[in-house]
Amino acid sequence: MKLLNDWKLIVLLCLTLGLAPFFPEPHLWGKLKWIAGGANNMQPMDWFDTLMHGFPFLLLIRFVIVKFAKK
């Protein structure tokens, strides 16, 4: 559980796994644009891939909410 609350690790995951590959655009950004465009022809593997690349950002959002809820 300590790993899920380590902000340095979460930011590192966001910058590496969350945004990889970086060129020509971050993979997660391309998937989000695809979903916003109607998700035409998205396969289950594409949804799973979006979840895996988005998971570090979900952890970051959770971390921020937990930190502000304590105050």
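Mentor: Before we begin, a residue is called buried when its relative accessible area is under 20%, exposed when it is over 50%, and partly exposed in between. Please also keep in mind that the model in front of us is predicted.

Trainee: With that cut-off in hand, is Asp46 buried or exposed, and at what relative accessible area?

Mentor: Asp46 belongs to helix H3, where it is listed with Thr50, His53, Gly54, Pro56, Leu59 and Phe63. Buried means under 20% relative accessible area, and Asp46 therefore counts as buried, because its value is 14%.

Trainee: Which residue meets the side chain of Asp46 in a salt bridge?

Mentor: As a general point, side chains of opposite charge can pair when their charged atoms come close. In this model the partner of Asp46 is found at 3.0 Å, N to O. The pair links distant parts of the chain, since the partner stands 15 residues apart from Asp46 and lies in helix H2. The residue that meets Asp46 in this way is Lys31.

Trainee: Is Lys31, in turn, buried or exposed, and what is its relative accessible area?

Mentor: Lys31 lies in helix H2, which runs over residues 27–36. If we leave aside residues up to four places away in sequence, Lys31 touches Asp46, Asp49 and Thr50. Lys31 counts as buried because its relative accessible area is 7%.

Trainee: Which residues are linked with Lys31 in a network of salt bridges?

Mentor: One member is Asp46, whose side chain meets that of Lys31 in a salt bridge of 3.0 Å, N to O. Lys31 also meets a second acidic side chain at 3.6 Å, N to O, and this partner is Asp49. Lys31 lies in helix H2 and Asp49 in helix H3, so this pair ties together parts that are 18 residues apart in sequence. The residues linked with Lys31 in the network are therefore Asp46 and Asp49.

Trainee: How many salt bridges does the count come to?

Mentor: Besides the pairs Asp46 and Lys31 and Lys31 and Asp49, the side chains of Glu25 and Lys33 meet in a salt bridge at 3.0 Å, N to O. Glu25 is partly exposed, with 30% relative accessibility, and Lys33 is also partly exposed, with 43%. The count of salt bridges comes to three.

Trainee: Let us turn to helix H3 as a whole. At which residue does H3 bend?

Mentor: Helix H3 has 27 residues and reaches 37 Å from its first C-alpha to its last, which is close to the 39 Å expected at 1.5 Å a residue. Its bend is about 45 degrees, and a proline, Pro56, follows within four residues of the bending position. The residue at which H3 bends is Gly54.

Trainee: Which helices do the buried residues of H3 pack against?

Mentor: The buried residues of H3 include His53, Leu59 and Phe63. One helix that they pack against covers residues 7–15, and the other is the helix that holds Lys31. The helices that the buried residues of H3 pack against are H1 and H2.

Trainee: What is the area of the nonpolar surface patch that Leu51 helps to make?

Mentor: Leu51 is found in helix H3, which covers residues 44–70, and it is partly exposed, with a relative accessible area of 46%. Patches are made of residues with over 30% relative accessible area, and the other members of this one are Phe48, Met52, Phe55, Leu58, Ile61 and Ile65. The area of the patch is about 700 Å².

Trainee: Which peptide bond is cis?

Mentor: In general, most peptide bonds are trans. The bond in question has omega near -20 degrees, and its proline has its place in the loop between H1 and H2. The cis peptide bond is the one from Ala20 to Pro21.

Trainee: In the loop between H2 and H3, what is the phi of Asn41?

Mentor: Most residues other than glycine have a negative phi. In the loop between H2 and H3, however, Ala39 has a positive phi near 55 degrees, and Ala39 counts as buried because its relative accessibility is 18%. Asn41 is found in this loop too, but Asn41 is exposed, with a relative accessible area of 67%. The phi of Asn41 is also positive, near 65 degrees.

Definitions and conventions:
Residues numbered from 1 in each chain as written. Predicted model: local features only at pLDDT ≥ 70, side-chain atom pairs only at ≥ 80, totals over all residues. Heavy atoms only, no water. Patch = residues over 30% accessible without salt bridge, like charges linked within 9 Å, V, L, I, M, F, W, Y side chains within 5 Å. Areas by Shrake-Rupley, 256 points an atom, 1.4 Å probe, with all protein chains shown as cover. Salt bridge = Lys/Arg side-chain N within 4 Å of Asp/Glu carboxyl O. Helix = DSSP H or I, 4+ residues; strand = E, 2+ residues; numbered from the N terminus. Buried < 20%, exposed > 50% of the residue type's maximum accessible area, 1.4 Å probe, protein only. Contact = heavy atoms within 4.5 Å. Expected span 1.5 Å × (residues − 1). Bend = angle between axes of the 7 residues up to and from the residue.
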